[in-house]
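This report is meant for someone meeting the structure for the first time. Please look over the sequence and the model below before reading on.

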Amino acid sequence: GAPETRTPTGAVTGAPAVANGQQGAFLTTSQGARLRDTDHSLKAGARGPTLLQDHHFREKITHFDHERIPERVVHARGAGAHGVFTGYGAQEVTRAGFLRKGKETPVFVRFSTVLGSRGSADTVRDTRGFATKFYTDEGTFDLVGNNMPVFFIQDAIKFPDIIHAGKPHPDREIPQAQSAHDTFWDFVSLHTEAQHHTMWNMSDRGIPRSYRTMEGFGVHTFRLVNEAGATVLAKFHWKPKLGVHSLEWEEAQLLAGMDPDFHRRDLYDAIEAGAYPEWELGLQVFPDTPEETFAGIDLLDPTKIVPEELAPVQPVGKLVLNRTPTNFFAETEQVAFHLGHLVPGIDVTNDPLLQGRLFSYVDTQLTRLGGPNFAQIPINRPHAPVNDMLRDGFHQHAVHAGVAPYRPNSLDGGNPFPAGDAENAFLDVPVTVAEAPKVRANPASFDDHFSQARLFWLSMSPVEREHIVRAYTFELGKCYHQAIRERQLQCLANIDPVLCAEVATGLGLPTPEPTVPLADVTPSPALSQVGRTWPAD
Ligand code: HEM
């Protein structure tokens with residue numbers, strides 16, 4: 001018989017661990033019967049009808065008919081790569097083993113646009129996803145971030161709304177993947193917390209030159225805990241070794257026509273040529289105070305950054321992407337990231353956007369990946385040993401042994417928590433949850449919607465400002481509804497009078513007066529792409 005092997009979930013089975021469908025020298029059916037012919041269906045005579053009994057024909061066509069799975073509801077278009085992460089050491093702030101000095105951890109990264117469908121162009125103006133799966137010894141850690149450090153909304157309950165507003169109009173299904181339309185501008189001018197992220201989209205950050213030249217951000221504030229149990233709050237940053245670079249708008253337009261795969265091709269070609277893309281992972285670290293603020297900035301508000309001048313990004317490791325996927329579907333398409341995939345030493349905070357994401361990803365993946373066992377798909381398999389009590393379900397690949405999938409039990413010798421084991425286990429940091437009434441409300445600090453958009457604008461170099469003005473003018477110029485253009489101009493007036501006047505002039509509209517006092521902010525040179533250097537050497 002076949003040698004005894006263990007499945008990824010640790011169960012004993014007689015079958016080969018890897019069912020790759022490409023074993024042996026001969027073409028077979030999926031049941032392993034050798035085939036004589038795969039080009040002719042079985043017919044009643046050369047000119048006769050095809051026979052229902054032709055199993056090979058039906059198996060081949062039926063499988064083909066079911067080749068497609070639903071694309072991701074957002075971030076449908078992406079490109080992935082394998083690599084290795086090496087820690088520099090961060091034990092003072094977190095006990096996470098993969099950050100220890102010299103520790104190497106395999107990773108898979110998927111970059112994506114947000115709004116376009118799977119077949120859309122790469123160089124459109126959009127936010128980019130930057131999702132990293134660290135296959136650590138302590139379980140899988142997913143850092144599911146974007147190339148912009150803020151998000152459109154503060155509460156996950158609005159996520160369906162912003163995405164409905166950003167996706168093509170339901171009647172005409174246009175535009176495909178750009179922000180040049182009425183529903184997008186309608187949403188962001190009514191839900192003004194979106195103005196900061198929108199400014200990032202209108203800036204050069206919305207049209208990156210390459211995935212290799214993007215920064216990445218975990219956006220939310222996380223809580224880190226060290227070996228001694230001390231906690232800090234922290235934000236994750238990826239800094240590209242090649243620096244941050246963008247396309248010119250005209251280049252992006254031409255490329256979308258000439259080479260819609262521009263970013264995907266660039267990533268693949270660079271890795272195949274041995275020009276491995278590199279990033280440093282960095283942390284902004286803040287004291288874990290009861291207010292959860294730093295320099296007056298609410299760390300739970302995902303529409304806010306903390307300027308790097310106030311909290312420098314401290315490097316904690318290096319990422320090198322050095323291997324392209326073997327099969328796009330198996331890896332890039334089937335990979336399933338989740339913010340809740342945490343390792344000991346990293347925990348979540350009460351950021352209401354983060355809290356909602358914790359629910360959303362696994363829920364969508366249940367549909368997208370056909371049931372609850374997608375952690376067994378090769379790209380999603382942890383590299384740490386798995387010994388769970390999850391059983392059965394569609395596409396169950398493990399052959400679980402034993403009769404008592406519950407603990408404790410007296411039949412399978414099952415106590416999963418041997419003495420001393422707790423020290424190495426995940427810790428839900430026992431933060432105090434304030435006794436407070438149930439409310440549907442935000443903290444008052446979430447009401448400031450314009451000051452950081454102003455901070456961003458004032459931190460830009462002249463050429464970056466010119467690009468921002470042109471982007472607002474172009475995109476708003478595509479709106480059909482004058483009232484929406486005017487409402488967005490009002491938001492710009494509340495951000496900066498010069499910006500507002502220049503866009504208004506471009507649109508041929510009057511410049512409104514601000515309705516809120518202009519925020520008194522100190523520019524953050526680190527936000528500009530011009531003259532940016534990283535790493536520090
Ligand atoms: C997918 C980032 C907010 C729901 C993704 C992906 C990224 C990402 C990078 C693509 C993952 C991949 O490559 O497979 C972010 C960031 C957010 C954010 C940085 C804010 C800080 C949200 C919110 C929700 C949400 C608030 C819902 C409440 C989803 C869903 C998917 C997705 C359903 C598709 C997942 C899949 O099909 O596997 N997000 N997202 N996201 N996101 Fe988010």
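## Arginines in the annotated binding site

Arg 368 counts as partly exposed, because 17 C-beta neighbours lie inside 10 Å of it, and it belongs to helix H8. It should be said at this point that the model is a predicted one. Leaving aside neighbours within four places in sequence, Arg 368 is in contact with Ile 69, Pro 70 and Arg 72. Both Arg 368 and Arg 72 are among the positions that the unreviewed UniProt entry annotates as "binding site", and this annotation also covers Arg 110, Phe 159, Arg 357 and Tyr 361.

Arg 110, by contrast, counts as buried, because it has 24 C-beta neighbours inside 10 Å and a residue with 20 or more is classed in that way. Arg 110 lies in strand E4, and once its neighbours within four places in sequence are set aside, its contacts are Gly 78, Gly 80, Gly 129, Ala 131, Thr 332 and Val 335.

## The shell around the ligand

There are 28 residues around the ligand, and of these His 75, Arg 110, Gly 129, Phe 159 and Ser 360 come nearest. Two of these names, Arg 110 and Phe 159, also appear in the UniProt "binding site" annotation.

At least two residues of the shell come from each of strand E4 (104-113), strand E5 (128-136), strand E6 (139-146) and helix H8 (352-368). Helix H8 makes the greatest contribution, giving eight residues to the shell. Sorted by class, the shell consists of 14 nonpolar, ten polar and four charged residues.

## Paired strands

Strand E3, which spans residues 78-87, is mostly covered, with seven of its ten residues buried. Strand E3 is joined to E4 by nine bridges, the two running antiparallel, and it is joined to strand E13 (residues 314-323) by six bridges, again in an antiparallel arrangement. His 82 illustrates both pairings, since its bridge partner in E4 is Phe 108, while its bridge partner in E13 is Arg 323. For Gly 83, the bridge partner in E13 is Leu 321.

Strand E13 also pairs with strand E10 (residues 278-287), in the antiparallel sense and over six bridges. In this pairing, Leu 283 stands opposite Gln 314 of E13.

## Nonpolar cores

Leu 283 appears again in the largest nonpolar core, which has 97 residues, and there Ala 234, Leu 283, Leu 492 and Val 503 touch the most other members. Helix H11 gives the most to this core, with six residues. Apart from this core lies another, of six residues, which include Val 124, Ile 207, Leu 247 and Ala 256.

Not counting residues up to four places away in sequence, Val 503 touches Val 469, Tyr 472, Thr 473, Leu 476, Leu 489 and Leu 492.

## An enclosed helix

How many of the eight residues of helix H4 (residues 195-202) are buried? Eight of the eight are, so helix H4 is largely enclosed by the rest of the structure. The buried residues in question are Gln 195, His 196, His 197, Thr 198, Met 199, Trp 200, Asn 201 and Met 202. They pack against four named helices, namely H3 (182-190), H9 (451-459), H10 (462-477) and H11 (482-495). Helix H11 is thus a packing partner of H4 and a contributor to the largest nonpolar core.

Notes. Residues are numbered from 1 along each chain as its sequence is written. This is a predicted model: local features need pLDDT of at least 70, side-chain atom pairs count only at pLDDT 80 or more; totals for chains, interfaces and linings use all residues. A residue is buried if 20 or more other C-beta atoms lie within 10 Å of its own, exposed if 12 or fewer, and partly exposed in between; C-beta atoms are placed from the backbone. Two residues are in contact if their C-beta atoms, placed from the backbone, lie within 7 Å. A residue is near a molecule or strand if its C-beta atom, placed from the backbone, lies within 6 Å of it. Ala, Val, Leu, Ile, Met, Phe, Trp, Tyr, Cys and Pro count as nonpolar, Asp, Glu, Lys and Arg as charged, and the others, Gly among them, as polar. UniProt positions are given in the numbering used here, feature names are shortened, and annotations may be inferred rather than shown by experiment. Two strands pair if DSSP finds at least two bridges between them. A nonpolar core is a set of buried Ala, Val, Leu, Ile, Met, Phe, Trp, Tyr and Cys residues joined through C-beta atoms within 7 Å.
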